[in-house]
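Let's take a walk through this protein together, looking at the spaces in it and at its surface. Please have the model open as you read.

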Amino acid sequence: TPEAAAEHIEVLRVAAQRRIRLLSVTAKVAEHISDTKAPQGIFAEVTFPKPPSSTFQGLTIALDRIQDPGNLGTIIRTAAWFGVKRIMLSQGSVDCYNPKVLRSTQGEIFSVGILEGVDLKAECAEVKKRGGWIVAATSKQDTGSLYSMTFKDNLTLIFGSEAHGVELSVEQFADETVTIPRFGAGESLNVATSVGIILAECANRKAIK
């Protein structure tokens, strides 16, 4: 919109440098093509990113039936912050291109390779075949602590939804099951928060490369 163009001159300058075609639309058109009540006035038509290679080496996040778009967007944004290059989304998870997910990623959807509709049982079996290490996160406090977790190359971290956790048929592939120790009150942690805490520990232990 003209208002957004006046406010974001630098964005227009960079777009022009990269020979990106620019169009001006009215505020009424912006409201029509947006799914929010108060659009920011900037829109882009982009190509879907290519999914990462199936022979990926490094740290992978596997998400089992994550259905909340805000949680998934935050997980993607957090993964990008810690340099994670691949996320696997199981069947039954929210679409990673859901508008609410995209807004929550704050643009980092383009920083992380995402595989959707993954059969996690088959993928975990393949990870084991290639000698990878699998860790499943749980809220059960009677299991292993995150802070005594084994960190190895080609690590796959599995997180489940807050409602259901990691499916047992997937969890059985895990070399370790760990939890974030609770030091105070609360029944459980938000899954996106859990991902952030565990990735921070991975970074501290130099498991992210």
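The lining of the second largest pocket is made up of twelve nonpolar, twelve polar and five charged residues. This is a predicted model, and in it the second largest pocket has a volume of about 550 Å³. To find the spot, look for Thr-138, Ser-139, Ser-188, Leu-189 and Ser-194, which lie nearest its centre among the 29 lining residues. At least two lining residues come from each of β6 (155–160), β7 (176–179) and α8 (191–204). With three residues, α8 gives the most to this lining.

Now let's turn to the largest pocket, which has a volume of about 1900 Å³. Its lining counts 38 residues, and the closest to the centre are Ile-42, Phe-43, Ala-44, Glu-45 and Val-46. Two or more lining residues are given by each of α1 (2–7), α2 and α5 (99–105). Here α5 gives the most, with four residues. By class, the lining of the largest pocket holds 24 nonpolar, ten polar and four charged residues.

What about space that is closed off? Rolling a probe the size of a water molecule over the atoms shows where empty space is left. The count comes to one cavity of 30 Å³ or more, and the volume of the largest cavity is about 80 Å³. You can trace its walls through Phe-56, Gln-57, Gly-58, Thr-60, Arg-86, Val-127, Arg-130, Gly-131, Gly-132, Asn-154 and Thr-156. Sorted by class, this lining has two nonpolar, seven polar and two charged residues.

Next, come out to the surface. Which residues make a nonpolar patch of about 410 Å² there? The patch is formed by Val-11, Leu-12, Ile-20, Leu-22 and Ile-42. You have met Ile-42 already, as one of the residues closest to the centre of the largest pocket. Val-11 sits in helix α2 (residues 9–17), and α2 is also among the elements that give two or more residues to the lining of the largest pocket. Is Val-11 buried or exposed? With a relative accessible area of 42%, Val-11 counts as partly exposed, because that class lies between the limits of 20% for buried and 50% for exposed.

Finally, step back and view the whole protein. Its secondary structure comes to eight helices and seven strands. Taken along the principal axes, the C-alpha atoms fill a box of roughly 55 × 40 × 30 Å. Of the 209 residues, 38% count as buried.

Conventions. Residues are numbered from 1 along each chain as its sequence is written. This is a predicted model: local features need pLDDT of at least 70, side-chain atom pairs count only at pLDDT 80 or more; totals for chains, interfaces and linings use all residues. Side-chain values use heavy atoms; hydrogens and water are left out. Patches are made of residues with over 30% relative accessible area and no salt bridge: like charges are joined within 9 Å, nonpolar side chains (Val, Leu, Ile, Met, Phe, Trp, Tyr) within 5 Å. Accessible areas come from the Shrake-Rupley method with a 1.4 Å probe; for residues, only the protein chains shown count as cover. A salt bridge is a side-chain nitrogen of Lys or Arg within 4 Å of a carboxyl oxygen of Asp or Glu. Buried means under 20% relative accessible area, exposed over 50%, partly exposed in between (1.4 Å probe, protein chains only). On a 1 Å grid over the protein atoms alone, a cavity is a set of points where a 1.4 Å probe fits but cannot get out, and a pocket is an open set with protein on both sides within 12 Å along at least five of seven lines; lining residues have an atom within 4 Å of a point. Grid points are joined across faces, edges and corners, and a volume is the space filled by probe spheres set on the points. Ala, Val, Leu, Ile, Met, Phe, Trp, Tyr, Cys and Pro count as nonpolar, Asp, Glu, Lys and Arg as charged, and the others, Gly among them, as polar.
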